[in-house]
Amino acid sequence: MEEFQKIVANLELYKVPILEPKNPYWKENGICFEDYDHYKIIVSDLRITK
């Protein structure tokens with residue numbers, strides 16, 4: 001969770017626009033931004049558990 005907060009802080013610091021993902025799941029569980037090559041990147045603080 002701390003890593004996620006650092007990522008969000010850096011996105012804000014560098015004024016990276018946050019986009020709305022097409023998938024409703026990620027609208028609720030992550031944030032989306034576009035990289036330099038115009039790929040959409042989803043970042044989430046969810047953990048995979050088995």
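# Exercises on a predicted model

Ile31 stands opposite Val43 of strand β2. The model is predicted, and the exercises below work from its hairpin outward to the helix and the charged pairs.

## Exercise 1: the hairpin

Determine in which sense β1 and β2 pair, and which residue between the strands takes a positive phi.

Step 1. Strand β1 covers residues 31–34, and its pairing with β2 is antiparallel, over 4 bridges. The placement of Ile31 across from Val43 belongs to this pair of strands.

Step 2. The hairpin has 5 residues between the strands. His38 takes a positive phi there, near 70 degrees.

## Exercise 2: the chain as a whole

State the order of the helices and strands, then describe the extent and burial of the protein chain.

Step 1. The protein chain contains 2 helices and 2 strands, in the sequence order α-α-β-β.

Step 2. Its C-alpha trace spans about 35 × 25 × 15 Å along the principal axes.

Step 3. The chain has 50 residues, of which 18% count as buried. About 4,600 Å² is exposed, with carbon and sulfur atoms supplying 56% of that area.

Step 4. Among contacts with a separation of 6 or more, 18% are between residues 24 or more positions apart.

## Exercise 3: the two faces of helix α1

Find which residues of α1 are buried, where they lie around the axis, and what they pack against.

Step 1. Helix α1 has 12 residues and reaches 16 Å from first to last C-alpha, close to the 16 Å expected.

Step 2. Phe4, Val8 and Leu11 are buried in α1, that is, under 20% relative accessible area. Seen down the axis, the buried residues fall within an arc of 60 degrees, so they line one face of the helix.

Step 3. These buried residues of α1 pack against β1 and β2.

Step 4. The face turned away from the buried side carries the exposed residues Glu2, Glu3, Lys6 and Leu13.

Step 5. Ile7, also in helix α1, has 35% relative accessibility and counts as partly exposed. Its C-alpha atom is separated by 9.8 Å from that of Ser44, 37 residues apart along the chain.

Step 6. After α1 comes Lys15, which has a positive phi near 55 degrees.

## Exercise 4: salt bridges

Give the number of salt bridges, and describe the pairs Lys6–Glu2, Arg47–Glu3 and Glu20–Lys27.

Step 1. The cut-off is a side-chain nitrogen of Lys or Arg within 4 Å of a carboxyl oxygen of Asp or Glu. The count by this rule is 4 salt bridges.

Step 2. Lys6 and Glu2 form one of them, with their closest N and O atoms 3.6 Å apart. The two residues are 4 residues apart in helix α1, and are therefore separated by about one helical turn. Glu2 is exposed, at a relative accessible area of 56%.

Step 3. Arg47 and Glu3 meet in another salt bridge, at 3.7 Å from N to O. This pair links distant parts of the chain, 44 residues apart: Arg47 is in the segment after β2 (40–43), and Glu3 is in helix α1. Both Arg47 and Glu3 are exposed.

Step 4. For Glu20 and Lys27, the salt bridge has an N to O distance of 3.1 Å. Glu20 is exposed, with a relative accessible area of 63%, whereas Lys27 is partly exposed, with 42%.

Conventions
Residues are numbered from 1 along each chain as its sequence is written. This is a predicted model: local features need pLDDT of at least 70, side-chain atom pairs count only at pLDDT 80 or more; totals for chains, interfaces and linings use all residues. Side-chain values use heavy atoms; hydrogens and water are left out. Buried means under 20% relative accessible area, exposed over 50%, partly exposed in between (1.4 Å probe, protein chains only). Two strands pair if DSSP finds at least two bridges between them. The expected span of a helix is 1.5 Å times one less than its number of residues. The arc is that of the directions from the helix axis to the C-beta atoms. Contact means heavy atoms within 4.5 Å. Accessible areas come from the Shrake-Rupley method with a 1.4 Å probe; for residues, only the protein chains shown count as cover.
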